[in-house]
Amino acid sequence: MSRDAGSPVSDATGTAPPAGGRFVVGNAWDALDGMWPELPPLVSVVVVHYRQQAELDRTLAALARQSYPAERLEVIVVDDGSPTAPTVPDGVRLIVQEDRGFRLSAARNVGVAASSGSVLCFVDADTSPEPDYVLRLTRLPALAPEAVTVGQRKHADFAGVLSGDGGSGAGGGTGAGVEAGGDVAVPVSEPVEVAGPAHELEQPRWLQQAYGWSADLLHADDRSYRHLIGAVTCCTRWFFDQVGGFDESFTSYGGEDWEWAHRAWLAGGVFAHVPGAVAWHDGPDWAGRSAGAGSGSAGSAGSAASAGSAGSAGSAASAGSAGSAGAAASAGTREDEEARRQAEKNGETLRLADLIAVRGSRGFGVRSRAVDVCVELVAAAGTPISAGAAFVAVDSVLAAMPDVTVVVPDDVATVFEADQRVLGRSTGAAAAGLGSARVVVTFHGPVRVLPAVEAGGSDDARVQALAAAVGLGDDVARDLRTTTDAVGVGSLGTVELVDPSGLALVTVESRRAALRARRWGAGVAFVSHRASVDWLTPVAGEPSVAAYLGGWG
């Protein structure tokens with residue numbers, strides 16, 4: 001399903017999509033299969049570099065060979081403060097930022113600010129694209145401005161330091177004549193679509209499996225941000241501005257692309273993996289960079305040669321003793337290095353757990369700074385909510401979902417002063433929570449949540465909720481946790497929960513659906529579902545709090 005971007009939305013909020021753009025329902029980008037933009041958009045490729053001149057040369061040579069119309073392509077290299085600024089060919093713009101440590105996010109943002117294109121491609125200096133990369137990766141964003149595409153990043157040993165036999169050698173040869181430990185780097189002039197397969201390294205299996213089960217992210221969910229790799233990502237400039245730039249507080253390797261991708265998903269992004277858009281990274285992925293791997297075959301060959309020479313000259317006992325001591329020291333060094341690497345990865349994970357509060361990313365008990373689900377207790381016009389009714393409603397919600405944030409009318413906020421999860425409506429924290437939460441749950445007056453399943457749910461329950469969202473079965477409203485897990489995934493945007501008489505009690509809306517409705521009109525980019533439930537009941541009149549707490553009322 002597609003639609004012209006312009007007519008149904010006012011640009012008063014600055015959210016109107018570019019004229020001529022299309023929407024898809026949910027994440028169903030396959031509705032645009034076989035379609036191409038009438039006019040290729042101007043594409044800006046932002047390449048971030050730091051002390052990798054040879055890798056940059058290869059990447060710029062690959063960009064110069066793109067099948068995309070050259071007059072519709074600009075390349076911007078942003079150097080992150082290398083000791084010596086890189087050289088770039090004519091026609092490539094170079095921006096150098098001051099060396100103030102690792103500032104990948106800032107470099108990408110600088111490149112975007114300097115760009116002219118309506119579509120952005122992000123590439124790292126050591127990631128060289130095949131000729132059809134830009135053409136294939138930009139197709140969906142050119143059609144649907146909310147699309148965020150990720151190419152297929154493969155890995156190759158272009159530097160010639162990892163393979164024991166020198167790989168296939170420069171120019172596709174057999175590697176004959178290359179001494180052990182002296183592997184030859186692949187010439188920059190060799191096309192990456194030839195050199196890559198000839199020197200290919202193992203791909204990250206977890207990522208390939210994720211693309212497989214999600215049908216190239218067609219069935220993306222709230223944790224699919226983990227499958228967008230910053231070095232091979234593409235989106236429109238309009239949507240980049242909607243999401244906001246990369247978080248410049250990330251000043252060490254890793255995490256900044258996933259944090260941005262999560263925000264993009266919440267902003268209504270349409271995620272798609274484009275396996276035909278291939279770019280080759282020089283070297284393995286992070287998991288493949290084990291301690292000591294950087295020494296490659298050179299260290300092994302050199303050690304073997306030295307050991308052989310020493311063995312012929314010295315005694316076997318002495319060589320054996322020295323070898324044992326050396327092996328123990330080497331093992332200790334590797335263990336220390338692995339521990340250091342794991343500590344770095346843990347730092348990245350902890351940072352993301354604080355910023356991305358979805359289940360599977362946040363802690364089980366420790367609260368994140370970010371708000372995942374925000375519940376608002378709203379009083380009907382002319383009908384204030386009493387302290388007792390508010391307590392029953394809020395307490396029952398927190399009993400069912402202890403990890404949510406609850407916003408209440410200011411006149412009952414003092415009841416909950418001791419609980420930092422409950423905020424008065426006029427506070428800045430309440431506005432921030434309602435504005436940033438993945439899901440907003442609106443209670444239309446005081447409503448009690450009856451215990452239906454074990455509080456907190458489980459990963460199995462989450463999987464069932466996602467499956468129910470696809471089919472919009474009754475299971476989507478089995479309980480409050482299930483419903484908040486289901487919205488924003490597939491085509492389901494909003495669920496209205498009613499009692500058996502049809503009285504609307506609670507509305508559960510994903511942020512994705514709310515933002516899409518502002519851009520395209522209500523009820524078109526996501527569907528709504530109405531479900532009658534027996535686990536919600538209105539709190540009528542003035543309840544007996546003692547009876548509620550004591551279990552007899």
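In this predicted model, Asp479 sits in the loop that runs between helix H12 (459-471) and helix H13 (480-486). Despite that loop position, Asp479 counts as buried, because its relative accessibility is 6%. Its side chain also has a partner: the side chain of Asp479 reaches the backbone nitrogen of Arg481 at 3.2 Å.

Stepping back to the whole chain, there are 15 helices and 17 strands. Of the 553 residues in the chain, buried ones make up 48%. The accessible surface comes to about 23,900 Å², and carbon and sulfur atoms account for 55% of that area. As for how the chain meets itself, take the contacts between residues at least 6 apart in sequence: 74% of these join residues at least 24 apart.

How sure is the predictor about all this? The average pLDDT over the chain is 84, and 81% of the residues score at least 70. Confidence is highest in helix H3 (residues 133-143), at 98, and lowest in helix H8 (residues 296-313), at a mean of 36. Two stretches call for some care when looking at the picture. Over residues 164-182, pLDDT stays under 50, and the model has 25 contacts beyond four places in sequence for them. Over residues 291-319, pLDDT again stays under 50, this time with 15 contacts beyond four places in sequence.

Then there is the inside of the protein. The largest nonpolar core has 62 residues, and the members that touch the most others are Val45, Val47 and Phe271. Helix H7 (residues 256-266) gives this core its largest share, 6 residues. What does Val47 touch, leaving aside residues up to four places away in sequence? Its contacts are Leu56, Leu63, Val75, Ile76, Val77, Val78, Val123, Asp124 and Ala125. Apart from the largest core lies another, of 39 residues, with Val375, Val397, Val404 and Val422 among them.

Next come the cysteines. A disulfide is a covalent bond between the sulfur atoms of two cysteines. With a cut-off of 2.5 Å between the sulfur atoms, the count comes to 0 disulfides. Cys234 is in no disulfide, and the nearest cysteine sulfur, which belongs to Cys121, is 3.8 Å away. That distance fails the test because a disulfide needs the two sulfur atoms within 2.5 Å. Cys235 is in no disulfide either; for this residue the nearest cysteine sulfur is that of Cys234, 6.5 Å away. Are these two cysteines buried or exposed? Cys234 is buried, with a relative accessible area of 0%, and Cys235 is likewise buried, at 0%.

Finally, the backbone has a couple of spots worth a look. Most residues other than glycine have a negative phi. Which sign does phi take at Asp216? Asp216 is not a glycine, yet its phi is positive, at about 60°. Leu217 is not a glycine either, and its phi is also positive, at about 70°. Asp216 is found in the loop between helix H5 (205-213) and strand E7 (232-236), and Leu217 lies in the loop between H5 and E7 too. Their surroundings can be told apart by accessibility: Asp216 counts as partly exposed because its relative accessibility is 23%, whereas Leu217 is buried, with a relative accessible area of 0%.

Definitions and conventions: Residues are numbered from 1 along each chain as its sequence is written. This is a predicted model: local features need pLDDT of at least 70, side-chain atom pairs count only at pLDDT 80 or more; totals for chains, interfaces and linings use all residues. Side-chain values use heavy atoms; hydrogens and water are left out. Helices (H or I, at least four residues) and strands (E, at least two) are DSSP runs, numbered from the N terminus. Buried means under 20% relative accessible area, exposed over 50%, partly exposed in between (1.4 Å probe, protein chains only). A polar contact is a pair of N or O atoms within 3.5 Å; within protein, one must be able to donate a hydrogen and the other to accept it, and residues adjacent in sequence count only if both atoms are side-chain atoms. A nonpolar core is a set of buried Ala, Val, Leu, Ile, Met, Phe, Trp, Tyr and Cys residues joined through side-chain atoms within 4.5 Å. Contact means heavy atoms within 4.5 Å. Accessible areas come from the Shrake-Rupley method with a 1.4 Å probe; for residues, only the protein chains shown count as cover. pLDDT is the predictor's confidence in each residue, from 0 to 100.
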